[in-house]
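Hi,

Here is the structure I said I would pass on. Have a look at it first, and my notes on what turned up are underneath.

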Amino acid sequence: MASEDEVSLLVIVLDVNPIWWGQQTQREPEFNLSKCLDAVMVMANSHLIMTRTNKLAIIASTCQESHFLFPNKLWKGDDVGGDDSAAPCGDGKYELLSVANDQVAEEMRALIARTEVRGNQTDTLLAGGLAKALCYIHRLSKQSGGGQDMKSRILVIKSAQDCALQYMNFMNVIFAAQKQSVLIDACVLDSDSGLLQQACDITGGMYLKIPQRVALTQYLLWVFLPDSEQRSQLVLPPPAHVDYRAACFCHRNLIEIGYVCSVCLSIFCNFSPICTTCETAFKIQLPQLVKAKKKKIKPAT
Amino acid sequence: MDDEPERAKRWEGGYERTWEVLKEDESGSLKATVEDILFQTKRKRVIESHGQVRLGMMRHMFVVVDTSRTMDDHDLKPNRLTSTLKLLEFFVDEYFDQNPISQIGFITTKNKRADKLTELAGNPKKHINALKKTKDTTCLGEPSLYNAMNLAMQTLKHMPGHTSREVLIIMSSLTTCDPANIYELIKTLKELKIRVSVIGLSAEVRVCTFITRETGGTYNVILDESHFRELLMSHVKPPPASCSSECSLIRMGFPQHIISSMTDQDAKPSFSMAHLETTEGGAELSLGGYYCPQCRAKYTELPVECKVCGLTLVSAPHLARSFHHLFPLDAFQENPREEHTGDRFCQACQGELKDQSVFTCPVCRSAFCVECDLFIHDTLHCCPACIHNQGAS
């Protein structure tokens, strides 16, 4: 059990891509966005009641923005009792849980209502959600000061496919998380994501592609609820094989041996005299010409 | 003599009246001044925007540590040598974090001689172990700048032209004992395009000023330990490349990580090629690892240069780590909080904007608090709000 001094912060980044979720509801009506949100709230509530000092944040990422579902801007933090605007919950539930559930539901409704789907933006802006999560973690760790040990982790629930344009931002976020010792766990609902596999490998988190989406609650509680110290005592799904090969800039093929420009670090599969990204002309190494040695003719004695 | 730029020394300018910085308000409290000073220390980061200057990304750096008699002095706690070595361990970590495909080597100089502590290598653990062992050496004699720079030059002159060759000297003594004319050596260093920088621990020494000016490096003398740390950290960022450094395409390999378990029929435990040279213990048999795509030699860690075929092996994230140097984030504009008309909350962390100034990104016009601004520029290297607008384009 974690001691009272340790604060464990869990940030859940939920991929709410309207296009993917719309198609998903048509494919499989038993698992739609509200079921997914129920599963996430079960896990969030479990996290909050594990230890009194545990903290939570939930961010939803759509195609245009990333928005904090919990805590929202007006929530003052720990004075849960003095919150007059919330209707007192009659069933004796821990007040923090009812506040969390209500806020998430309200913010989610507002988010979906104001999201407009435009034809050219179909990819989820997951890197933006992760960047906001890291800034939030940074602020809370500064606020708690030196007195309390803060361990943070981010859980990403991903539905739609990877967006190749976000590669650089994603890598920046991953390295920032590694520097801040923040674990990134990934729970993938549909297709494998190379970027998230790299993120989990570099930061030391768990990557899991869910075989049966209807059982999302079980997977969340089994694999992703325990924190990093408890994970060493459990038998968890084995790590995925991460493909760290680079993709060449000209054909987007994965290559094993390539040529790297020393100025801009772009990767090419074939030697070319000019780098297409930074337009530097390269010096070509010519083989050294060996001069034929003249043989000295020995004078006949 | 040579025309040196005339700089007025600090002691020539008379004393500044440092007590005039503090101003009291009408109730006699210094709170406003103290807050101001705290705010300024947070913002003390100097942003040198190089703009479109080519940077030397692959660096070969030698660090020369002076272990002469003066390093036993107690003005840095517990003594100069221990303090320097501790800061150098931190420097090695930061250096490999910001420049993953570069190499570093260490040289010590004492008793009028110079010795190589570690060879040029890309693996931080070896250097940190060597630095830890050096804590016990006795400091005696005089350092020799000539021997140290000569030793560094012997290795650096064989390095390929597209890398940046650097030497960082940590000099605590005020004297040096050289077997030959150091000005000749400086000429050779200039021809070989080796950049020498010096961090002085005692006082300014004229020959160091000359060396750094001729080779294009920087010379600073420390004020205290935190200043020492700052000066060391300023050498972590890649320097602008000199105009004559060649640009070439470097052939590199990207090996796959093979994880095999004991149940695999073909998996046989084997040694990593990197352990063949180590005489001390720690060479372990391992089942999986990285196999060089050219010669199939096995290694346990990247980045490494294959000992068998000479191919540099890296993984794609290593190159990605350096991308933020190539595409640096612009500095945010600082506005006083009273003038800010938008939302009361920081766009990144959702905290209330309580500080004196509000920082706005010039591209997307979102507001951030001072903590987020520092975090974004030092660690994150991308604006969280601009990412959302990228999707819109």
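Asp75(B) and Arg80(B) make a salt bridge, with their closest N and O atoms 2.8 Å apart. Bear in mind that this is a predicted model. The two partners sit in rather unlike surroundings: Asp75(B) is partly exposed at 45% relative accessible area, whereas Arg80(B) is buried at 6%.

Another bridge in chain B runs from Arg321(B) to Asp97(B), where the closest N and O atoms are 3.2 Å apart. This one ties together distant parts of the chain: Arg321(B) belongs to helix α8 (residues 316–321) and Asp97(B) to helix α2 (residues 80–98), 224 residues apart. Arg321(B) has a relative accessible area of 14%, so it counts as buried, the limit being under 20%. Asp97(B), at 23%, is partly exposed.

Lys190(B) and Glu214(B) form a salt bridge too, their closest N and O atoms being 3.1 Å apart. Here the link is between helix α5 (residues 182–191), which holds Lys190(B), and helix α6 (residues 206–215), which holds Glu214(B), with the two positions 24 residues apart. Both ends are partly exposed: Lys190(B) has a relative accessible area of 45%, and Glu214(B) comes in at 26%. Over in chain A, Glu6(A), Lys151(A) and Glu229(A) are joined into one network by salt bridges that share partners. Over all chains, the count of salt bridges is 17.

Now for the rings. How many aromatic pairs does a search of the whole structure find? There are nine over all chains. One of them is Tyr219(A) with Trp222(A), a tilted pair with 6.3 Å from centre to centre and 40 degrees between the planes. Why are these two about one helical turn apart? Because they are three residues apart in helix α7 (residues 216–224) of chain A. Tyr219(A) is buried, with 15% relative accessible area, while Trp222(A) is partly exposed at 44%.

In chain B, Phe332(B) and Phe368(B) give a stacked pair, 5.4 Å centre to centre with 15 degrees between the planes. The pair links distant parts of the chain, 36 residues apart: Phe332(B) lies in the loop between α9 (323–326) and β13 (333–336), and Phe368(B) lies in strand β15 (residues 367–368). Both of these Phe residues, Phe332(B) and Phe368(B), are buried.

Two more ring items are worth a look on screen. In chain A, Trp20(A), Trp21(A) and Phe31(A) make up one aromatic cluster. In chain B, Arg229(B) lies over the face of Phe90(B), 4.3 Å from the ring centre.

Finally, some overall figures for chain B. The chain has 11 helices and 15 strands, and 46% of its 393 residues are buried. Taking contacts between residues at least 6 apart in sequence, 65% join residues at least 24 apart. The accessible surface of chain B is about 20,800 Å², with 52% of that belonging to carbon and sulfur atoms.

Cheers

Notes:
Residues numbered from 1 in each chain as written. Chains lettered and ligands numbered in written order. Predicted model: local features only at pLDDT ≥ 70, side-chain atom pairs only at ≥ 80, totals over all residues. Heavy atoms only, no water. Phe/Tyr/Trp six-rings, centres within 6.5 Å; stacked < 30°, edge-to-face > 60°. Helix = DSSP H or I, 4+ residues; strand = E, 2+ residues; numbered from the N terminus. Buried < 20%, exposed > 50% of the residue type's maximum accessible area, 1.4 Å probe, protein only. Lys NZ or Arg CZ within 6 Å of the ring centre and 35° of its normal. Contact = heavy atoms within 4.5 Å. Areas by Shrake-Rupley, 256 points an atom, 1.4 Å probe, with all protein chains shown as cover. Salt bridge = Lys/Arg side-chain N within 4 Å of Asp/Glu carboxyl O.
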